[in-house]
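Please walk me through this structure for someone who has not met it before, taking one region after another and explaining each term where it comes up.

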Amino acid sequence: MVEHSAFAGAQAVTATQGGTTVRAIEPLSVVSVTAWRGQEAALADAVRATFGLDLPQAGRWTAHAGLTAIWAGPGHWWLQRGGRSALMQELAALGDHAGLIDISDARAVLRLRGPLARDILLGLLPLDLHPSVFTPGQVASTIAAHMTVQVRQLDDKPTFDLSCLRSYAGSLWRALELASAGPPRLSALSA
Amino acid sequence: MRIPCPHCGERGNDEFFYLGAAGLTRPAADAQPEAWHDYVYLRDNPAGKHSELWQHAHGCRRWLVVTRDTRTHAVFSAVDATP
Ligand SMILES: [Zn+2]
């Protein structure tokens with residue numbers, strides 16, 4: 001099978017402005033994990049026992065040994081690994097406690113990193129991203145130019161991962177381009 | 001209008017889908033047509049406190065019952081529609 005970039009239509013898969021870069025994170029393996037009713041604690045125990053990973057609380061994400069768990073709603077998480085992996089088989093035992101759906105091919109992820117990353121996102125997302133409010137370890141699902149987008153802060157550089165439906169990848173890229181063209185906001189205010 | 005999602009925190013209402021009045025009681029299957037007409041078509045239109053169904057469609061995807069003042073958009077409460 002030949003892998004095609006979800007962002008193949010974009011002018012470049014990597015772009016840089018003021019030391020801030022955006023690049024596609026692909027391929028990824030992503031599985032949606034939804035606890036059966038009353039099985040949340042058993043699911044959390046199974047994930048901890050099998051993968052040494054604590055399922056995150058609301059609005060947060062956790063990672064251990066290359067496996068990332070992202071909160072996606074009450075009783076609902078995405079488990080994610082970089083690259084193409086047999087993640088469904090790896091997680092199969094969790095099927096006793098949760099519904100598992102392979103959504104790897106349904107998602108596209110852009111990673112925005114550098115000093116202007118927060119300023120660019122301020123022009124795109126209706127969220128308070130001030131460092132006193134939104135910090136590494138947090139995740140939020142919101143809208144960007146009418147698209148549902150999951151935004152996750154990885155570190156203080158700052159680095160953010162934006163995940164959208166794969167068919168919106170080109171639109172998200174364009175929306176980021178437009179947001180990047182706007183004036184820096186937060187850093188100008190705090191300077 | 002901003003809605004305090006119990007799972008995601010306060011968000012703009014454009015992250016939500018609106019359904020309509022909460023707490024409608026579905027008539028029995030053999031109820032009179034008048035009862036079904038009332039259930040399907042007739043709504044109160046209060047100027048003031050009103051409970052409605054909103055789905056946090058772009059967020060956690062939960063259905064919420066949001067109680068707000070229709071005159072001011074002040075939100076009194078937002079709770080899960082189902083436990
Ligand atoms: Zn929510």
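Donors are N, O and S atoms within 2.8 Å of the metal, or within 3.2 Å for Na, K and Ca, and since water is not among the atoms, sites may look incomplete. In sequence, the donor residues of the zinc ion follow the spacing C-x2-C-x47-H-x3-C. Before going further, it should be said that this is a predicted model, in which local features need pLDDT of at least 70 and side-chain atom pairs count only at pLDDT 80 or more, while totals for chains, interfaces and linings use all residues. Residues are numbered from 1 along each chain as its sequence is written, chains are lettered from A and ligands numbered from 1 in the order in which they are written, and side-chain values use heavy atoms, with hydrogens and water left out.

The protein donors of the zinc ion are Cys5(B) through SG, Cys8(B) through SG, His56(B) through ND1 and Cys60(B) through SG, and they lie 2.0 to 2.5 Å from the ion. The four donor atoms subtend angles of 103 to 119° around the zinc ion, which makes the arrangement tetrahedral. Four donors count as tetrahedral if all angles lie between 85 and 135 degrees; four count as square planar and six as octahedral if opposite donors are over 155 degrees apart and all others between 65 and 115, and anything else is irregular. Of these donor residues, both His56(B) and Cys60(B) are buried, where buried means under 20% relative accessible area, exposed over 50%, and partly exposed in between (1.4 Å probe, protein chains only).

The next topic is how the chains meet. Contact means heavy atoms within 4.5 Å, and 10 residues of chain B are in contact with 14 residues of chain A. The size of an interface is often given as the accessible area lost when the parts come together. The area buried between chain B and chain A is about 890 Å², with carbon and sulfur atoms giving 52% of it; buried area here is the accessible area (1.4 Å probe) that two parts lose on being put together, summed over both. On the side of chain B, the residues that lose the most area to chain A are His7(B), Arg11(B) and His58(B), which together account for 50% of what that side buries.

His58(B) is placed in the loop between strand S4 (49-55) and strand S5 (63-69) of chain B, where helices (H or I, at least four residues) and strands (E, at least two) are DSSP runs, numbered from the N terminus. With a relative accessibility of 13%, His58(B) counts as buried. Leaving aside its neighbours within four places in sequence, His58(B) is in contact with residues of both chains, including Ser141(A), His146(A), Asp14(B) and Phe17(B).

How many aromatic pairs does a search of the whole structure find? Over all chains there are three. Among them, Phe7(A) and Trp173(A) have ring centres 6.1 Å apart and planes at 50°, so this pair is tilted. Phe7(A) lies in the segment before strand S1 (14-17) of chain A and Trp173(A) in helix H4 (residues 169-181) of chain A, so the pair ties together parts that are 166 residues apart in sequence. Phe7(A) is buried at a relative accessible area of 1%, and Trp173(A) counts as buried too, at 5% relative accessibility. Another pair, Trp36(B) and Tyr39(B), has ring centres 5.7 Å apart and planes at 85°, so it is edge-to-face. The rings concerned are those of Phe, Tyr and Trp (its six-membered ring), which pair if their centres lie within 6.5 Å; planes under 30 degrees apart count as stacked, over 60 as edge-to-face and the rest as tilted. Trp36(B) and Tyr39(B) both lie in helix H1 (residues 33-41) of chain B, three residues apart, about one turn of the helix.

Two details of the backbone of chain A complete the walk. A cis peptide bond joins Glu26(A) and Pro27(A), with omega about -5°, and Pro27(A) is placed in the loop between strand S2 (20-24) and strand S3 (28-35) of chain A. Ala65(A), although not a glycine, has a positive phi of about 50°; this residue is found in the loop between strand S4 (61-64) and strand S5 (67-73) of chain A and, at 64% relative accessibility, counts as exposed.
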